[in-house]
Amino acid sequence: MIRVSIDPAPIELALELAALEERGAGGVASFTGVVRGGDGITALELEHYPGMTEDALCTLAEAAMDRWNLLGVTVLHRVGRMAVGERIVFIGTAAAHRREALEACAYLIDRLKTDAPFWKREWRGDAASWVEARASDEAAAAKW
Amino acid sequence: MELLYFAWVREAVGVGQEQVDPPEAVETVADLVGWLATRSPGHAAAFADPAKLRAAIDQRFVPLATPLNGAKEVALFPPVTGG
């Protein structure tokens, strides 16, 4: 079972994890991305390509279901403006055993970084700057 | 052809989308980027350095060398930075 959502609303971690546990799996793994503070950052803004983003995330979730024996995959990504400490992204996987859940979770976040059309902008008070892509993200995605 | 722009490409051009009818000599996404750069100072700023751009045709990522082949929707944007 796949759940994909792109939403300005906050991510409800406990509800999402509980829903994955209810799939009857022996193991649930998850990754949560949080807006990093420091360096004067006051907020983060996420832009995306409506339509293509949903397709890209569904394609990734389906690829994970094909590659590992999973009972559930959840991929949630927030868009719009977020304060430091707020959740940006949530990946959850449910499987009979830990290795499949953990590997699929790592695969999903590595590939989401390069395969889904999102763009981050950092705000420092009234000043905004677009975040540049990192070569290390390309390398992490390519290893899968 | 419907064009979509995102992130700093959108800001430089000044709009998020526009309809264009490129000449026949514009065969690939790279050709399109070169042609768009001549349309206004904002376009010129956005499309000056193709190495900084990525593209999607009909909502699929493609290399800039890809032929347009009657594409309905072409999006131009910086490398993605989600997650």
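**Entry 1: a pair of strands in chain A**

I looked up A:Ala43 and found that its bridge partner in β7(A) is A:Trp123. The model is a predicted one, and I keep that in mind for every entry. I then checked how strand β3 (residues 43-48) of chain A runs against β7(A): the two are antiparallel and share 6 bridges. As background, I noted that strands of a sheet pair through backbone hydrogen bonds, either parallel or antiparallel.

**Entry 2: the sheet around that pair**

I followed the pairing outward and reached an open sheet of 4 strands in chain A, ordered β5-β3-β7-β8, with antiparallel pairing. Which strands are the edge strands? I found β5 (80-83) and β8 (127-130) of chain A there, each paired on one side only. I also looked up the turn between neighbouring strands of this sheet, which is 25° on average, direction ignored.

**Entry 3: strand β6 of chain A**

I turned to strand β6 (residues 87-95) of chain A and asked how many of its 9 residues are buried. The count is 8, so the strand is largely enclosed by the rest of the structure. I looked up two of its pairings. Strand β2 (residues 27-34) of chain A is joined to β6(A) by 8 bridges, and the two run antiparallel; there I found A:Thr32 opposite A:Phe90. Strand β4 (residues 70-78) of chain A also pairs with β6(A) in the antiparallel sense, over 7 bridges. In that pairing I noted A:Val75 opposite A:Ile91.

**Entry 4: where chain A touches chain B**

I counted what each chain brings to the contact: 20 residues come from chain A and 13 residues from chain B. On the side of chain A, I found that α2 (52-67), α3 (98-115) and β7 (118-124) each supply at least two residues. Which of these elements gives the most? It is α3(A), with 4 residues. Sorted by class, the side of chain A that touches chain B holds 12 nonpolar, 4 polar and 4 charged residues.

**Entry 5: chain B as a whole**

I listed 3 helices and 5 strands in chain B, and along the sequence they follow the pattern β-α-β-α-α-β-β-β. The radius of gyration of chain B is 12 Å, close to the 12 Å that the globule rule gives for 83 residues, so chain B is as compact as a globular protein of that length. Its C-alpha atoms fill a box of roughly 35 × 30 × 20 Å along the principal axes. I noted that 29% of the 83 residues of chain B count as buried. Of the contacts in chain B with a separation of 6 or more, 51% come from residues 24 or more positions apart.

Technical notes:
Residues are numbered from 1 along each chain as its sequence is written. Chains are lettered from A and ligands numbered from 1 in the order in which they are written. This is a predicted model: local features need pLDDT of at least 70, side-chain atom pairs count only at pLDDT 80 or more; totals for chains, interfaces and linings use all residues. Two residues are in contact if their C-beta atoms, placed from the backbone, lie within 7 Å. Ala, Val, Leu, Ile, Met, Phe, Trp, Tyr, Cys and Pro count as nonpolar, Asp, Glu, Lys and Arg as charged, and the others, Gly among them, as polar. Two strands pair if DSSP finds at least two bridges between them. Axes are lines fitted to C-alpha atoms, for helices over the stretch in contact, and angles run from 0 to 180 degrees between N-to-C directions. The radius of gyration is taken over C-alpha atoms; the globule rule is 2.2 Å times the number of residues to the power 0.38. A residue is buried if 20 or more other C-beta atoms lie within 10 Å of its own, exposed if 12 or fewer, and partly exposed in between; C-beta atoms are placed from the backbone.
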